Amino acid sequence: ALSMLSAAWAQNDPQGMATYALALPAGNDQDAMIQGLLSRWAPADPALALDWLGSFPETNAQPARVQSVVKTWAQHEPAAAAKWLANQPAGTASDDVTNAFLEGAGEKYPAFAAQWTQSIGDETRRQKLQVQVARQWLKTDPTAADKWIDSLDLPDAVKASLQKSPP
């Protein structure tokens with residue numbers, strides 16, 4: 001019954017429901033409300049859903065929900081999701097959120113995900129993410145993935161292990 005109420009409330013007064021959900025103590029009732037709002041907001045306005053999730057106090061565990069919204073968004077609109085990610089304050093986008101973005105984008109847009117990794121300034125992190133994208137891309141288009149791997153500034157041993165690993 002609470003899930004039906006949450007869905008109706010999310011439809012008619014999402015801002016009121018959001019304010020109420022933020023005030024609830026962590027638990028099943030709050031989780032049901034969050035899920036109701038996300039089912040409405042995430043498909044229509046993923047940035048709003050993510051910004052709202054970010055408004056929860058640090059004590060509330062929302063990372064899995066953030067990752068889920070980012071991954072789904074990146075599957076459909078990788079450029080918009082990448083822009084949102086780039087606009088996050090420095091150091092706030094966790095590795096898990098970045099990985100969720102790359103998993104989502106890499107499913108349908110591996111070339112986009114590959115190109116995006118070039119924007120990572122830290123060489124060690126960039127290479128780690130490039131290996132992640134390469135492994136995913138090798139499963140769907142080994143020829144294109146191999147060509148991209150050849151162009152990367154990765155150690156030769158890493159390139160060789162990627163290109164020899166079975167998809």
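These are my notes on aromatic pairs and one helix in a predicted model.

**Aromatic pairs**

I went through the rings first and counted four aromatic pairs. I wrote up two of them, starting with W41 and W52. Their ring centres sit 5.5 Å apart with 75° between the planes, and I logged the pair as edge-to-face, since that is over 60 degrees. I then checked where the partners come from: W41 belongs to helix α3 (residues 28-44) and W52 to helix α4 (residues 46-53), with the two positions eleven residues apart in the numbering. Both W41 and W52 are buried.

Next I looked up W137 and W148. This pair is tilted, at 5.8 Å centre to centre and 45° between the planes. W137 is in helix α9 (residues 123-140) and W148 in helix α10 (residues 142-151), so the pair ties together parts eleven residues apart in sequence. I checked burial here too, and found W137 buried along with W148.

**Helix α6**

Then I turned to α6 (residues 78-86). Which of its residues are buried? I got P78, A81, A82, W84 and L85. Looking down the axis of α6, I saw these buried residues fall within an arc of 160°, so they line one face of the helix. That spacing made me recall the usual helix rule. An α-helix has 3.6 residues a turn, so residues three or four places apart point the same way. On the other side of α6 I found K83 and A86 exposed.

Last question for the day: what covers the buried residues of α6? My list includes α4, α5 (63-76), α7 (95-108) and α8 (110-117). Helix α4 was already in my notes as the one holding W52.

Conventions:
Residues are numbered from 1 along each chain as its sequence is written. This is a predicted model: local features need pLDDT of at least 70, side-chain atom pairs count only at pLDDT 80 or more; totals for chains, interfaces and linings use all residues. Side-chain values use heavy atoms; hydrogens and water are left out. Rings of Phe, Tyr and Trp (its six-membered ring) pair if their centres lie within 6.5 Å; planes under 30 degrees apart count as stacked, over 60 as edge-to-face and the rest as tilted. Helices (H or I, at least four residues) and strands (E, at least two) are DSSP runs, numbered from the N terminus. Buried means under 20% relative accessible area, exposed over 50%, partly exposed in between (1.4 Å probe, protein chains only). The arc is that of the directions from the helix axis to the C-beta atoms. Contact means heavy atoms within 4.5 Å.
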